[in-house]
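Me: I've got a protein model open and I'd like to learn how to read it. Can you take me through it feature by feature?

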Amino acid sequence: MNSPIIAPVVALVAWSLVMWLWMYATRLPAMARSGMKPDPQMPRGEQMNMLPARTRWKADNYNHLMEQPTLFYAIALSLALLDAGDGSSLVMAWAYVGLRIVHSLWQSLTNVIEVRFVLFMLSSLMLFGLTWNAARVLL
């Protein structure tokens, strides 16, 4: 099977790995500058909250890429298996990936929440559309 909708799936995974690299490329130097030593006795996330906000934004975004995009992966792969990964589904899949990349960049560089919210809502609409397309194939 070689459905065209697999390409945006791979692209979003690749972007998630770019964010992983960016997160550690900023987090590790920030930890070293502050003299921070990881402490397993501290509550989850508390120690990282002591890092500068601009450093934390990358980690926050990486975490976001492990949340809602799981729905994207599920519906995109479902559409591929249903042989419905082209046309409007492919357009919405690429739109979703593009919006998530812009969301990542926005959150990591400026983090204006109102803009992030609009980007999140637009990407969510793409998920609704993809789900609608899959449901139509099944019905």
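Me: Let's begin with contacts across the chain: what share of those between residues at least 6 apart in sequence join residues at least 24 apart?

Reply: A contact means heavy atoms within 4.5 Å. Among contacts in the chain between residues at least 6 apart in sequence, 79% join residues at least 24 apart. Before we go on, know that this is a predicted model, where local features need pLDDT of at least 70 and side-chain atom pairs count only at pLDDT 80 or more, while totals for chains, interfaces and linings use all residues. Residues are numbered from 1 along each chain as its sequence is written, and side-chain values use heavy atoms, with hydrogens and water left out.

Me: Okay. How many helices and strands does the chain have?

Reply: Helices (H or I, at least four residues) and strands (E, at least two) are DSSP runs, numbered from the N terminus. Here you get five helices and zero strands, so to read along the chain from the N terminus you go α-α-α-α-α. The C-alpha trace spans about 55 × 30 × 25 Å along its principal axes.

Me: And how much of the chain is buried?

Reply: Buried means under 20% relative accessible area, exposed over 50%, and partly exposed in between (1.4 Å probe, protein chains only). Of the 139 residues in the chain, 40% are buried.

Me: How do I check the length of a helix, say α5?

Reply: The expected span of a helix is 1.5 Å times one less than its number of residues. For α5, with 26 residues, that gives 38 Å, and its end C-alpha atoms are 37 Å apart, which agrees. Try α4 as well: its 23 residues reach 33 Å from first C-alpha to last, close to the 33 Å expected. Just after α4, N111 takes a positive phi of about 60°.

Me: What do the buried residues of α4 pack against?

Reply: They pack against α1, α2 (53-65), α3 and α5. Among the buried residues of α4 are M92, Y96, L99 and R100. For α5, the buried residues include L119, S123, L127 and L130, and their cover includes α2, α3 and α4.

Me: Can we zoom in on S123 and L127? Which residues does each one touch?

Reply: Start with S123, which is in helix α5 (residues 113-138) and is buried at 1% relative accessibility. Not counting residues up to four places away in sequence, S123 touches Q68, Y96, L99 and R100. L127 is in helix α5 too, and at 7% relative accessibility L127 is buried. Leaving aside neighbours within four places in sequence, L127 is in contact with Q68, L71, F72, I75 and Y96. L127 and F72 are 55 residues apart in sequence, yet their C-alpha atoms are 6.4 Å apart in space.

Me: Now the rings. How many aromatic pairs are there?

Reply: A pair of aromatic rings is described by the distance of the centres and the angle of the planes. Rings of Phe, Tyr and Trp (its six-membered ring) pair if their centres lie within 6.5 Å; planes under 30 degrees apart count as stacked, over 60 as edge-to-face and the rest as tilted. A search of the whole structure finds three aromatic pairs. One of them, W20 with Y24, is edge-to-face, at 5.2 Å centre to centre and 65° between the planes. W20 and Y24 are four residues apart in helix α1 (residues 6-34), which means about one helical turn separates them. W20 is partly exposed at 37% relative accessibility, and Y24 is partly exposed at 30%.

Then there's F72 with Y96: the ring centres are 4.7 Å apart and the planes are at 15°, so this pair is stacked. F72 lies in helix α3 (residues 69-81) and Y96 in helix α4 (residues 87-109), so the pair ties together parts that are 24 residues apart in sequence. Both F72 and Y96 are buried, and ring pairs link F72, Y73 and Y96 into a cluster.

Me: Last one, a loop residue: is G85 buried or exposed?

Reply: G85, in the loop between α3 and α4, is buried, with a relative accessible area of 2%. Not counting residues up to four places away in sequence, G85 touches S3, P4, I5, L79 and L90.
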